[in-house]
Amino acid sequence: MVTLCKSAMYLHTLLVFSSGVLLASNASVLSNDTVTVTAGPTTAFRGFSFAAKATPNANKGSSDNHTLENDSNMQVRRLASTLSHGRHSLPINLKYAGKVNVGGFDFTLIIDTGSSDLWISGNQKPKLNHSTNTTVNLTYGIGSALGKIEYAPVSFGGYQVDNQAFLSVLKTKDQGSEGILGLGLNGLSALERTTKDASAQSVMANIFTQHPSTPHFLGLALERSDGGEETAGGFLTIGEYDPHYSNITYMPKIPVAPTSASRWTVAMEAMTINGKRFPLKSGVKGTKKDQAITLIDSGTSLAYIPSDAVDAIYSQFSGSVHVQTSNQDTWFVPCLEQVNLSFSFTGATYPINPMELSSPVRVTDQKDQYTVCVNAFRPPLNKQTEHELDFLLGDIFMRNVYSVFNFANGSTMHGDANADAKGASIQLLSRTNRDQVYADFENSRKESLKAQAPLFDLRKLHTDGTTDGGGRLEPPSSD
């Protein structure tokens, strides 16, 4: 059974939401630097307001690059996606995480619309309702998590599920977090599929099953730091829209596609680069001509798109260098250059802040440290999902929009893996003012580079990764 608090709206805070102040009263007001919204006499907001700061992680062997701490004593992981660079990796972005209580203990979990299961790891031992000997190995685009299915009370954002199935993980590969809260469609749940039992359905399916009057959608607003380079937090809502973005109700519903999908995938109609449309094609059966199936995934920091689409974007940067070797496929671009990129779905176009296209990283060339900027839109991780999706748009896309994920009324139907895709949809509201972000880009990037090592002269970089001095760009040995 799912227990709901009395508040009419529930907001789960992810890391930090600018300098927003969240109040709960009979005349609730949600405010930040630029907006004040009165929700009405009967609506109460429930959530947190906190600040975060980055501190170095003492464990250099960990895949976590930093730990973020806030004044509420919550720790959240700063998880870096990595850029393959020969035998090395370079951290270039962050993921969103929030505090979820499992069996009486708080875990900082990745908020992931790209998967549907809940798993936790670590030394804390939750109080269980019951355990099983059923073992499941959850695999992701990067890494995996192996463990046993167990049941315990779970709560987050004002909701409590009294008996939630989750994976108590014994072994992980390339994860580096305490776990994942999957917010995807129930048809993707490996736990339910393995047990063939509705009691093992996803957290969202449990919420909607026990409370059918709760509108079947969740909203996500992901934020960037003041400098624009990094993750800064966000809000998750269930069954209510964030009042800052109430215009989302006027945006078209983009149907989940194809109809056999079990993920939050939709049909992209256009990708436009400097005003020119890139020719889309799909490897997914049944996709219409000139469209591409696209996963909207909050659990992925960057974006993974077809190689020819990557090349089409970054070849537009004047002075860019494409390094392709057996170990590397990376575009190095001038840090102060920008390209006009947008994506279109169901007739609406969503421009991308140019800060999202390239990421500054620190490297060494013959012991001297420099800063270079590399592509954040990257070739596919592997070919295993080519029959399911063409584009994977992660946080660097989602920071430009307010996203609403509409679950179909059949989203909790047990036994039909595709039931929740029939009628499910996504709505997107653009939050990026194209003219403004392009006007602000150079000053914002210059400001972020002030604390970095000097820029490397890309004219000295060759397409095989070597430099004029005979060396190779390498990441520093320590952070």
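pLDDT is the predictor's confidence in each residue, from 0 to 100. The structure here is a predicted model.

**Exercise 1. Establish how confident the prediction is, and where the pLDDT is below 50.**

Step 1. Take the chain average: the mean pLDDT is 78. Of the residues, 75% reach 70 or more.

Step 2. Find the weak stretch. Residues 1–93 have a pLDDT below 50. Beyond near neighbours in sequence, this stretch still has 257 contacts in the model.

Step 3. Where pLDDT is low, the predicted coordinates should not be read in detail.

**Exercise 2. Classify the ring pair Phe343–Phe397 and place it in the chain.**

Step 1. The whole structure holds 11 aromatic pairs. In the pair of Phe343 and Phe397, the centres are 6.1 Å apart and the planes stand at 80°.

Step 2. Apply the cut-off: over 60 degrees counts as edge-to-face. The pair is therefore edge-to-face.

Step 3. Locate the partners. Phe343 sits in strand β28 (residues 341–345) and Phe397 in helix α4 (residues 395–398). They are 54 residues apart, so the pair links distant parts of the chain.

Step 4. Check burial. Phe343 has a relative accessible area of 0%, as does Phe397. Buried means under 20%, so both qualify.

**Exercise 3. Describe the surroundings of this pair.**

Step 1. Ring pairs join Phe343, Phe345, Tyr350, Phe377 and Phe397 into a cluster.

Step 2. Turn to the largest nonpolar core, which has 82 residues. Met271, Phe343, Phe377 and Phe397 touch the most other members. Helix α3 (residues 307–314) supplies the largest share, 5 residues.

Step 3. Inspect Phe377. Leaving aside neighbours within four places in sequence, its contacts include Val310, Ile313, Tyr314 and Phe343.

Notes:
Residues numbered from 1 in each chain as written. Predicted model: local features only at pLDDT ≥ 70, side-chain atom pairs only at ≥ 80, totals over all residues. Heavy atoms only, no water. Phe/Tyr/Trp six-rings, centres within 6.5 Å; stacked < 30°, edge-to-face > 60°. Helix = DSSP H or I, 4+ residues; strand = E, 2+ residues; numbered from the N terminus. Buried < 20%, exposed > 50% of the residue type's maximum accessible area, 1.4 Å probe, protein only. Contact = heavy atoms within 4.5 Å. Core = buried A, V, L, I, M, F, W, Y, C linked by side-chain atoms within 4.5 Å.
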